[in-house]
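Work through the following exercises with the coordinates open, and try each task before reading its solution.

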Amino acid sequence: MRNHRGSPQKLIIGNKNYSSWSLRAWLMLAAFEVSFEELKVNLSTAETAATIGRYSSAGKVPVLHDGELVVWDSLAICEYVSEKYLNGRGWPEDMEGRAMARSCSTEMHSGLFTLREAMPMNCRATNRRVERSPQLEKEIARVITL
Ligand SMILES: N[C@@H](CCC(=O)N[C@@H](CS)C(=O)NCC(=O)O)C(=O)O
């Protein structure tokens, strides 16, 4: 249901291959078939900050515009979509499941900095060689555990 031109929900994102944050919000809307229009911003150009600034004072993508409402930050967008459009179905039905899912999501959201820095998302990358520091190994192991 994506790229519905004129839809009141507009998701402003970067590149889905390089911006895992953008992909996260996009997947939430697309997987649950919530109608939205996708607006792409080129990241890492001289105009990026000014372009994103037109949509959000936070200066980052993803940003969701739903009519007059502006929601920024991927997790806040997912929460909002779950509440407004899915009657909470974005999270597991049972309380323990929700607690577990929220723990995993927020751990990822607020951590894993070494992994992000050393292995930025690029789904198309092949044969990427990265030096694995002990901290990087620890964070990779943590993702596998999650
Ligand atoms: N924690 C934020 C991170 C958002 C973020 O860092 N977005 C990057 C793209 S991956 C961005 O907008 N970069 C543009 C810039 O900093 O100029 C979220 O979950 O939405």
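**Exercise 1.** How do the residues of the shell around the ligand divide into nonpolar, polar and charged?

*Solution.* Keep in mind that this is a predicted model. Begin by listing the residues that surround the ligand, which are Ser19, Trp21, Ile52, Lys60, Val61, Pro62, Asp73, Ser74 and His109. Then sort them by class, which gives 4 nonpolar, 3 polar and 2 charged residues.

**Exercise 2.** Find which atoms of Lys60, Val61 and Ser74 lie at short range from oxygen atoms of the ligand, and give each distance.

*Solution.* Start with Lys60, where a polar side-chain atom is 2.8 Å away from an oxygen atom of the ligand. Move on to Val61, which places a backbone N or O atom 2.8 Å from a ligand oxygen atom. Finish with Ser74, where a polar side-chain atom and an oxygen atom of the ligand are 2.6 Å apart. As a last step, turn to the ligand's surface: on its own it has 520 Å² of accessible area, and the protein covers 72% of this.

**Exercise 3.** Determine in which pocket the ligand sits.

*Solution.* Compare the ligand's position with the pockets of the protein: the ligand sits in the largest pocket.

**Exercise 4.** Is Lys40 buried or exposed?

*Solution.* First locate Lys40, which belongs to strand β2, spanning residues 37-40. Next take its relative accessibility of 56% and set this against the cut-off for exposed residues, which is over 50%; Lys40 therefore counts as exposed. To place Lys40 relative to another part of the chain, note that its C-alpha atom is separated by 9.3 Å from that of Lys16, a residue 24 positions apart from it along the chain.

Note on methods: Residues are numbered from 1 along each chain as its sequence is written. This is a predicted model: local features need pLDDT of at least 70, side-chain atom pairs count only at pLDDT 80 or more; totals for chains, interfaces and linings use all residues. Side-chain values use heavy atoms; hydrogens and water are left out. A residue is near a molecule or strand if one of its heavy atoms lies within 4 Å of it. A polar contact is a pair of N or O atoms within 3.5 Å; within protein, one must be able to donate a hydrogen and the other to accept it, and residues adjacent in sequence count only if both atoms are side-chain atoms. Accessible areas come from the Shrake-Rupley method with a 1.4 Å probe; for residues, only the protein chains shown count as cover. On a 1 Å grid over the protein atoms alone, a cavity is a set of points where a 1.4 Å probe fits but cannot get out, and a pocket is an open set with protein on both sides within 12 Å along at least five of seven lines; lining residues have an atom within 4 Å of a point. A molecule sits in a cavity or pocket if more than half of its atoms lie within 2 Å of its grid points. Ala, Val, Leu, Ile, Met, Phe, Trp, Tyr, Cys and Pro count as nonpolar, Asp, Glu, Lys and Arg as charged, and the others, Gly among them, as polar. Helices (H or I, at least four residues) and strands (E, at least two) are DSSP runs, numbered from the N terminus. Buried means under 20% relative accessible area, exposed over 50%, partly exposed in between (1.4 Å probe, protein chains only).
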